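Please look through the sequence and the structure below. The report that follows takes up backbone angles, cores, aromatic pairs and empty space.

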Amino acid sequence: MTLKLRIWRQDGPEAAGGLVDYELGGLLPDMSFLEMLDILNEQLTVRGEDPVAFDYDCREGICGSCAMMVDGIPHGPEPGTTVCQLFLRHFADGATITVEPWRARAFPVVKDLVVDRSALDRIIAAGGYVSVDTGSAPEANLLPVPKPDAETAMDAAVCIGCGACVAACKNASAALFTGAKIEHLALLPQGHPERERRVVTMVEQMEQEGFGACSNEGECMAVCPKEIPISVISRMNREYVRATLKRL
Ligand code: SF4
Ligand code: FES
């Protein structure tokens, strides 16, 4: 199959960027989207041109590195899918596909499709961990966790920190990402001792990084490759209100 690609090229954070057209033939429907970009880059390198910079690591949907907009949708048109697990069979032969980096003030472009997502790391560093000594792994039944809490915590823990939720949101809000981390830790016994400090420091860091406020648009949930539910934002807000009221 043949595809026409319109790819955002930008030499660096301060450089002006723009869409550049490429045409790629001889593609197979079972190739992944990133394999297609690999082929493009091989051709560009052979021609002595600068290859397209893009992020990836695992290529199996677990690391969250492969951040890019495909036809205006974070991770492309397939629901519950990272762009590394998006295959060319989902596109029509001869289609034109526009590929751009995440667009958010807190995610400055580094080069081409690569953005700096370290703002998400700083939100985690502000409190998204358990610092109490939990000892070595105990016998599983010594620490009872209600089944619904365990299930809900694990549903939130699958967040891979890709930032698609931010890219989809008209406010560039990181509330789904931050809410997922809050919910994951707040529901488990190991997370309880730091529960109140955690939600306050993480929400404050989220605001300092320049992410916008949540206005319940729901775009984040619609594009999240791990289908994190928007209810994590409600829990984050409840946890935050409870923690700040106790401080008064
Ligand atoms: S909540 Fe979903 S879209 Fe947002 S960072 Fe986590 S996995 Fe990515
Ligand atoms: S490369 Fe790891 S999730 Fe896509």
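## Two unusual backbone angles

Histidine 75 is buried, and its relative accessible area is 0%. This is a predicted model. The residue sits in the loop between β4 (73-74) and β5 (96-100). Its phi is near 70°, a positive value in a residue other than glycine. Most residues other than glycine have a negative phi.

Alanine 172 also has a positive phi, of about 50°, although it is not a glycine. Its place is the loop between α4 and α5. Is alanine 172 buried or exposed? It counts as buried, because its relative accessibility is 15% and the cut-off for buried is under 20%.

## The nonpolar cores

The largest nonpolar core holds 41 residues. Which of them touch the most other members? They are Trp102, Phe107, Ile123, Val166, Leu176, Phe211 and Met236. Several helices feed this core. At least two residues each come from α2 (118-125), α4 (164-168), α5 (175-186), α6 (195-208), α7 (219-223) and α8 (231-247). Another core lies apart from it and has 28 residues. Leu5, Met36, Leu40 and Leu113 are among them.

Methionine 236 deserves a second look. Leaving aside residues up to four places away in sequence, methionine 236 touches Ala175, Thr178, Gly179, Ile182, Val199, Val203 and Met206.

## Aromatic pairs

A pair of aromatic rings is described by the distance of the centres and the angle of the planes. How many aromatic pairs does the structure hold? There are three. One of them joins phenylalanine 54 and tyrosine 56 in a tilted arrangement. The centres are 5.5 Å apart, with 35° between the planes. Phenylalanine 54 is buried, at a relative accessible area of 11%. Tyrosine 56 is partly exposed, at 41%.

Phenylalanine 107 and phenylalanine 211 form an edge-to-face pair. Here the figures are 5.7 Å centre to centre and 80° between the planes. Phenylalanine 107 lies in the loop between β5 and β6 (109-111), and phenylalanine 211 lies in the loop between α6 and α7, so the pair ties together parts that are 104 residues apart in sequence. Phenylalanine 107 counts as buried, at 1% relative accessibility. Phenylalanine 211 counts as buried too, at 7%. Both phenylalanines are also among the residues that touch the most other members of the largest core.

## Closed cavities

Rolling a probe the size of a water molecule over the atoms shows where empty space is left. How many cavities of 30 Å³ or more are there? The count comes to two.

The largest cavity has a volume of about 100 Å³. Its lining has 14 residues. Cys159, Cys162, Cys165, Cys224 and Ile228 lie nearest its centre. The elements that give two or more residues to this lining are α4 and α5. The most come from α5, with three residues. By class, the lining of the largest cavity has 11 nonpolar, two polar and one charged residues.

The second largest cavity has a volume of about 60 Å³. It is lined by 13 residues. Nearest its centre are Cys169, Ser173, Cys214, Glu217 and Cys220. Both α5 and α7 supply at least two residues of this lining. Its classes are six nonpolar, five polar and two charged residues.

## The largest pocket

What is the volume of the largest pocket? It is about 190 Å³. Thirteen residues line the pocket, and the closest to its centre are Met206, Glu207, Ala213, Cys214 and Asn237. Two of these names have come up before. Met206 is touched by methionine 236, and Cys214 lies among the residues nearest the centre of the second largest cavity.

At least two lining residues each come from α6 and α8. The most come from α8, with four residues. By class, the lining of the largest pocket divides into nine nonpolar, three polar and one charged residues. Both helices met here, α6 and α8, also supply at least two residues each to the largest nonpolar core.

Terms used. Residues are numbered from 1 along each chain as its sequence is written. Chains are lettered from A and ligands numbered from 1 in the order in which they are written. This is a predicted model: local features need pLDDT of at least 70, side-chain atom pairs count only at pLDDT 80 or more; totals for chains, interfaces and linings use all residues. Side-chain values use heavy atoms; hydrogens and water are left out. A nonpolar core is a set of buried Ala, Val, Leu, Ile, Met, Phe, Trp, Tyr and Cys residues joined through side-chain atoms within 4.5 Å. Buried means under 20% relative accessible area, exposed over 50%, partly exposed in between (1.4 Å probe, protein chains only). Contact means heavy atoms within 4.5 Å. On a 1 Å grid over the protein atoms alone, a cavity is a set of points where a 1.4 Å probe fits but cannot get out, and a pocket is an open set with protein on both sides within 12 Å along at least five of seven lines; lining residues have an atom within 4 Å of a point. Grid points are joined across faces, edges and corners, and a volume is the space filled by probe spheres set on the points. Ala, Val, Leu, Ile, Met, Phe, Trp, Tyr, Cys and Pro count as nonpolar, Asp, Glu, Lys and Arg as charged, and the others, Gly among them, as polar. Rings of Phe, Tyr and Trp (its six-membered ring) pair if their centres lie within 6.5 Å; planes under 30 degrees apart count as stacked, over 60 as edge-to-face and the rest as tilted.
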